[in-house]
Amino acid sequence: MRITLLIIAGFLIIAGGGFFFLMTTISEDIERQYSQASEEPLVDFAHLFAALLEQDVEDGKIDATRFREGFSNAYKREFLARIYLLEKREIHTHVYVTNEKGIVVFDSEDGKREGEDFSKYNDVYLAAKGEYGVRASRADLNDSRTTVFFVAAPVFHRGRTIGTLSVSRPETAMAPFAEESRKLVLEAGLFTAVIVFGLGTLWAYLVLSPIRKITRQALLIAGGEKESLPATGLGELRTLSLALEEMRRELEGKHYVENYVQALTHELKSPLDRSIHQLIDQSIKYKPDPSKIDREIDQPCNQSKATITLVDRSM
C-alpha cells in the first residue's frame, strides 16, 4: 500500500477513535450533569416546604391539612409553559411528609404511600439525623429513565426534629433537555469530525506530494534517464531531495570514469597483444639466432606487463 494511503488511513483511525471516545464520554455525561442540575433546586424546595409546614404544627404533631389542599389545587391547574423546545403542561414535583417515626402522613400523589414506613429510606433516615437526606430509586432497575430523585429536609418544632419532608422529581422531567443536548452534541461532533478528517486528509496529501515526486524522479534515474531532482518539500524532505540529487551526480561521475577506464584498457591491451603475436610468428617463420629472439621477445613482453599492470590498477 502506498505511504500516502497508509498515513491517511492511520490518521483517520486514530482521529476516529479519539472522536468516538470523546463523543461517548460526553453523551454519557450529559445525563449525569442534568441529574445534578435537577438535584440542586430540590434541596431548596425541601427546605422551603419544610419551613412552611412548620407553621402548621400543633401540639408537636404535623398537620398536613393545608398542605393537602394546596397541592391538590396546584395539580389541578391548567397551564402551558414553553421552555425552549419543551411544552410543559403539568407539575412533576411531588412531596411526602413523615412523622418522627418515619411513617408517611402526607403524600401529594393522591396519598398512595400514606401509612407506609419510610424510616429506613436514605432521604428520611439521614434527614432525621440532621444530615443531607437524598436518594434515587428506579421503578425499573434495568431502565435509568425510571429514576426518581428524592431530597429530604427535617421538620422542626421548638428545636426538635418531629418529622421530615421529601421532595421528589422523576428523571423523565429532565429527559427532553438531556436528549436535546445529546442530539446537539452528536450533530456538532459529526460535523467537526467531517471537517477535521477532510482537512487532515488534504494536509497529508499536500505534505506527502514531495515524496511522490522524489520517488518518480528516482525511478526515472534508476531506469537510465538523466533526470535532475529539484529541491522540493520542507525540512527533512528538502534535505532528502538535495541528498538524492548529490548522489545522482556522484553516480553519473563514477559511471563516466568506469566507462572511460574500460575503453582505455581495451585500447591499450589490443596493440600489445598484436605485437607479441607478430614477434612470435616471425620467430617461428625465420628461425633467427635464439639469443636474439629472447631479447626481442623480452622487451615487448616486459612493456606489455607493465602496461597491463598500470591499466589494472586504474580499474
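**Rings, charges and surface in a predicted model**

Student: Is phenylalanine 106 buried or exposed?

Tutor: In this predicted model, phenylalanine 106 has a relative accessible area of 1%. A residue under 20% is classed as buried, whereas one over 50% is classed as exposed. Because its value is 1%, phenylalanine 106 is buried.

Student: How many aromatic pairs are there by the rule for ring centres?

Tutor: Two rings are taken as a pair if their centres lie within 6.5 Å. When that rule is applied to this structure, the number of aromatic pairs is ten.

Student: Which class of pair do phenylalanine 67 and phenylalanine 106 form?

Tutor: The ring centres of phenylalanine 67 and phenylalanine 106 are 6.1 Å apart, and the ring planes stand at 80°. Planes over 60 degrees apart are classed as edge-to-face. With an angle of 80°, the pair is therefore edge-to-face.

Student: How many residues apart are phenylalanine 67 and phenylalanine 106, and where does each one lie?

Tutor: Phenylalanine 67 belongs to helix H2 (residues 65-75), while phenylalanine 106 belongs to strand E6 (residues 104-107). Phenylalanine 67 counts as buried, at 8% relative accessibility. The pair links distant parts of the chain, with the two residues lying at a separation of 39 residues.

Student: Which class of pair do phenylalanine 71 and tyrosine 75 form?

Tutor: Both of these residues lie in helix H2, and they are four residues apart, about one turn of the helix. The ring centres of phenylalanine 71 and tyrosine 75 are 6.1 Å apart, with the planes at 40°. An angle that is neither under 30 degrees nor over 60 falls into the remaining class, so phenylalanine 71 and tyrosine 75 form a pair that is tilted.

Student: Is tyrosine 75 buried or partly exposed?

Tutor: Its partner phenylalanine 71 counts as buried, at 13% relative accessibility. Tyrosine 75 has a relative accessible area of 27%, and values between 20% and 50% are classed as partly exposed. Tyrosine 75 is therefore partly exposed.

Student: Which residues form one aromatic cluster?

Tutor: The residues of the edge-to-face pair, phenylalanine 67 and phenylalanine 106, are members of this cluster. The residues of the tilted pair, phenylalanine 71 and tyrosine 75, belong to it as well. The full list is Phe45, Phe49, Phe67, Phe71, Tyr75 and Phe106.

Student: At what distance from the ring centre of phenylalanine 150 does arginine 135 lie?

Tutor: A charge sits over a ring if CZ of Arg is within 6 Å of the ring centre and within 35 degrees of the ring normal. Arginine 135 lies over the face of phenylalanine 150, and its distance from the ring centre is 3.8 Å.

Student: Which residues make the nonpolar surface patch of about 200 Å²?

Tutor: Leucine 12, in helix H1 (residues 3-53), is partly exposed, with a relative accessible area of 34%. Patches are made of residues with over 30% relative accessible area, and leucine 12 has a value of 34%. The patch is made by Phe11, Leu12 and Val196.

Student: What separation do the C-alpha atoms of glycine 16 and phenylalanine 197 have?

Tutor: Glycine 16 is also placed in helix H1, and it is partly exposed, with a relative accessible area of 25%. Leaving aside residues up to four places away in sequence, glycine 16 touches Phe11 and Phe197. Although glycine 16 and phenylalanine 197 are 181 residues apart along the chain, their C-alpha atoms are separated by 8.5 Å.

Student: How far apart are the closest N and O atoms in the salt bridge of arginine 160 with glutamate 100?

Tutor: A salt bridge requires a side-chain nitrogen of Lys or Arg within 4 Å of a carboxyl oxygen of Asp or Glu. Arginine 160 and glutamate 100 form such a bridge, with a closest N to O distance of 3.0 Å. The pair links distant parts of the chain, 60 residues apart, with arginine 160 in strand E9 (residues 160-170) and glutamate 100 in the loop between strand E5 (94-99) and E6. Arginine 160 is partly exposed at 41%, whereas glutamate 100, at 52% relative accessibility, counts as exposed, and the N to O distance asked for is 3.0 Å.

Student: Which residues are linked in a network of salt bridges?

Tutor: The structure holds ten salt bridges, including the one in which the side chains of glutamate 87 and arginine 82 meet at 3.5 Å, N to O. The residues linked in a network are Asp107, Glu109, Lys112 and Arg113.

Note on methods: Residues are numbered from 1 along each chain as its sequence is written. This is a predicted model: local features need pLDDT of at least 70, side-chain atom pairs count only at pLDDT 80 or more; totals for chains, interfaces and linings use all residues. Side-chain values use heavy atoms; hydrogens and water are left out. Rings of Phe, Tyr and Trp (its six-membered ring) pair if their centres lie within 6.5 Å; planes under 30 degrees apart count as stacked, over 60 as edge-to-face and the rest as tilted. Buried means under 20% relative accessible area, exposed over 50%, partly exposed in between (1.4 Å probe, protein chains only). Patches are made of residues with over 30% relative accessible area and no salt bridge: like charges are joined within 9 Å, nonpolar side chains (Val, Leu, Ile, Met, Phe, Trp, Tyr) within 5 Å. Accessible areas come from the Shrake-Rupley method with a 1.4 Å probe; for residues, only the protein chains shown count as cover. Contact means heavy atoms within 4.5 Å.
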